[in-house]
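Biologist: Could you take one part of this model, look at it closely, and then work outwards to what surrounds it? Please state your cut-offs as you go.

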Amino acid sequence: MTGSALASLIAWAVRATTSLSVKHVGHSFSGAQRIYFANHVSHLDFVVIWASLPRQLRAKTRPVAAADYWSGGLRRVLAERVFHAVLVNRPAGGDVHAAKEAVTELVEGMSGGCSLILFPEGTRGSGANVAAFHGGIAAVCQQIAGVELVPTLIEGTQRVLPKGELFPVPMLCRLTFGPPVYYDAQEPRRLFLDRLRQSLCELRDLKSSA
Amino acid sequence: MNHDLTVIFAVTAAVLLAAWLLGRIAARHARPANASTIENFNQRVGAWWWMIVVVAASVGAGWGGAVVLFAAISFLALREFLTLVNTDRADHRTLLAIFFIVTPCHYYFIYRGWYGLFSIFIPVWAFVLVPISAALRGGPRNFMARVSEMQWALIICVYFISYAPALAGLPELSRKGPNFGLALYLMLVTQVSDVLQYAFGHLFGKHAMAPAVSPHKTWEGFAGGVVCATALGVALRRLTPFALVPSIIISLVVCLTGVAGGLTMSAIKRDCGVKDFSSLIPGHGGILDRVDSICFAGPVLFHVTRFFYG
């Protein structure tokens with residue numbers, strides 16, 4: 001089975017298992033270079049976002065995944081051949097050198113106009129709150145101009161495959177894409193990261209008031 | 001029997017065709033104010049086509065096909081129900097067991113016709129094992145809510161729904177092979193009752209029935225729908241072992257329990273703060289929105305038939 005046929009099959013299977021419902025708030029898919037940034041609750045998160053993209057965009061949109069989780073056997077094959085993931089070693093807090101290396105890998109991953117799927121929280125949360133964002137995304141934006149930052153809200157994946165579990169339970173999942181946000185070189189980094197985080201939280205508040 | 005089934009499907013297809021034509025004419029000539037009602041109507045008719053085709057195909061595939069269809073319905077219903085309710089991260093393994101052990105075993109017992117087993121497997125065995133699993137893994141936090149909701153999910157989504165295909169295996173009725181007549185009677189009467197309650201309510205509805213639970217149900221809709229569907233049930237009594245008077249009573253009971261099912265599921269939805277269980281079926285909502293009347297009417301019909309007709 002060719003790589004792209006397998007990719008389509010996996011994407012369909014993921015969408016069917018989660019009966020994925022996708023909502024676009026001030027957003028539409030485009031070929032522009034983007035970073036889709038999302039909240040993080042499960043290893044399935046990027047798979048779900050990836051599966052919701054139109055087929056042509058899927059080949060050019062690379063998820064950023066933790067190298068330590070996606071390095072074994074089947075996972076590595078999937079990560080490289082199917083998802084075209086950018087595998088990054090998660091830098092320990094305070095390790096500046098490792099953080100710089102991670103940013104370099106991300107920037108390299110975007111060469112050729114590729115987009116990224118990124119989780120700025122750095123680690124999986126419980127789903128209740130969106131944690132403060134790490135600085136990597138800001139560093140990437142400093143080096144690549146004109147990237148559209150699309151806030152992507154994921155809901156439900158923590159129940160399909162929670163932290164520490166091996167087998168998924170079929171549960172309904174929801175994805176909301178929000179209006180693109182742009183990097184401002186004059187803005188202090190902390191404010192920029194807060195602005196990004198806020199755009200994600202707004203998507204969540206939108207849901208509960210609707 | 002097969003002749004009756006063919007006639008039933010043909011008549012149903014004809015009714016749907018008429019509804020579809022009506023919908024297209026209305027869409028062409030309607031005032032803009034009615035546009036969304038008509039679009040909703042057309043979506044519903046479209047979904048009905050698919051549902052009839054799926055049911056006909058699985059009945060055509062025989063007993064195995066029907067059991068597989070309802071097992072799939074139970075899976076989809078479980079997914080909707082459990083997404084809404086309070087399970088904990090720690091209940092993951094219990095949920096895995098619910099989806100991949102309890103449900104397949106239960107439907108296997110239905111397939112084999114082992115009444116003694118399928119009638120107690122969930123109410124006794126699952127009810128004993130689920131709380132133990134929840135207590136050992138998740139501890140006491142939110143215990144009552146978690147366990148009750150998982151048990152409730154099993155009862156509504158698996159146990160109750162499975163009585164619909166189980167009707168085809170009732171021993172006295174199926175000596176010469178599975179008898180889909182009673183199951184079709186159940187589905188037709190409950191679904192027509194739903195549709196007519198909606199239609200009568202739309203046209204003549206004035207006094208709300210249970211506004212806190214279900215804003216659209218009215219007494220006028222209820223009366224019109226139930227009376228007409230009971231009449232349909234009596235007209236369909238060839239599919240059942242009932243004589244005229246019992247068929248009036250039993251058809252009425254099926255309609256009333258169907259309404260009870262609908263109201264109960266509405267109450268659950270309001271409690272969870274949603275309008276539909278999911279948006280799986282365009283125009284209708286989720287699978288639970290469609291089978292809510294069958295959930296309650298199925299077990300009642302099964303046991304009434306079993307008790308009085310052997």
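Modeller: Helices are DSSP runs of H or I with at least four residues, strands are DSSP runs of E with at least two, and both are numbered from the N terminus. This is a predicted model, in which local features need pLDDT of at least 70 and side-chain atom pairs count only at pLDDT 80 or more, while totals for chains, interfaces and linings use all residues. Residues are numbered from 1 along each chain as its sequence is written, chains are lettered from A and ligands numbered from 1 in the order in which they are written, and side-chain values use heavy atoms, with hydrogens and water left out.

I begin with a proline: B:Pro104 belongs to helix α4 of chain B, which runs over residues 92-112. Its relative accessible area is 37%, so B:Pro104 is partly exposed; with a 1.4 Å probe and protein chains only, buried is under 20%, exposed is over 50%, and partly exposed lies in between. Although B:Ser74 is 30 residues away from B:Pro104 along the chain, the C-alpha atoms of the two are separated by 9.9 Å.

The part that I would examine most closely is helix α9 of chain B. Helix α9 covers residues 219-235 of chain B, and its 17 residues should span 24 Å at 1.5 Å a residue, which agrees with the 24 Å between its end C-alpha atoms; the expected span is 1.5 Å times one less than the number of residues. Its buried residues include four glycines, B:Gly221, B:Gly224, B:Gly225 and B:Gly233, and they also include B:Phe222, B:Val226, B:Ala229, B:Thr230 and B:Val234. The buried residues of α9(B) pack against two helices of chain B, α8 (181-204) and α10 (244-272), and also against its strands β1 (208-210) and β2 (214-218), where a contact means heavy atoms within 4.5 Å.

Going outwards from α9(B), one finds that chain B holds 11 helices and 2 strands, and that their order along the sequence is α-α-α-α-α-α-α-α-β-β-α-α-α. For the 310 residues of chain B a compact globule would have a radius of gyration near 19 Å, and the value of 20 Å for this chain agrees with that; the radius is taken over C-alpha atoms, and the globule rule is 2.2 Å times the number of residues to the power 0.38. The C-alpha trace of chain B spans about 60 × 50 × 30 Å along its principal axes, and 49% of the residues in this chain are buried. Of the contacts in chain B that join residues at least 6 apart in sequence, 72% are between residues at least 24 apart.

Two loop residues of chain B complete this side of the picture. B:Ala33 sits in the loop between α1 (2-29) and α2 (35-60) of chain B, and with a relative accessibility of 71% it counts as exposed. From B:Ala33 to B:Arg112 there are 79 residues in sequence and 53 Å in space, C-alpha to C-alpha. B:Asn142 lies in the loop between α6 (121-138) and α7 (143-166) of chain B; it has a positive phi of about 60 degrees although it is not a glycine, and it counts as partly exposed at 42% relative accessibility.

Chain A, for its part, contains 8 helices and 7 strands. Its radius of gyration is 16 Å, close to the 17 Å from the globule rule for 210 residues, so chain A is as compact as a globular protein of that length. The C-alpha trace of chain A spans about 45 × 40 × 35 Å along its principal axes, 48% of its residues are buried, and, among its contacts with a separation of 6 or more, residues 24 or more positions apart account for 72%.

A:Ser19, in the loop between α1 (3-18) and β1 (21-24) of chain A, has a positive phi near 45 degrees despite being a residue other than glycine, and with a relative accessible area of 21% it is partly exposed. A:Arg124, in the loop between β5 (115-118) and α6 (136-143) of chain A, is by contrast buried, with a relative accessible area of 16%. Beyond its neighbours within four places in sequence, A:Arg124 is in contact with A:His40, A:Val41, A:Ser42 and A:His43, as well as with A:Lys163 and A:Gly164. A:Asn39 lies 85 residues from A:Arg124 in sequence, and the two are 8.2 Å apart in space, C-alpha to C-alpha.
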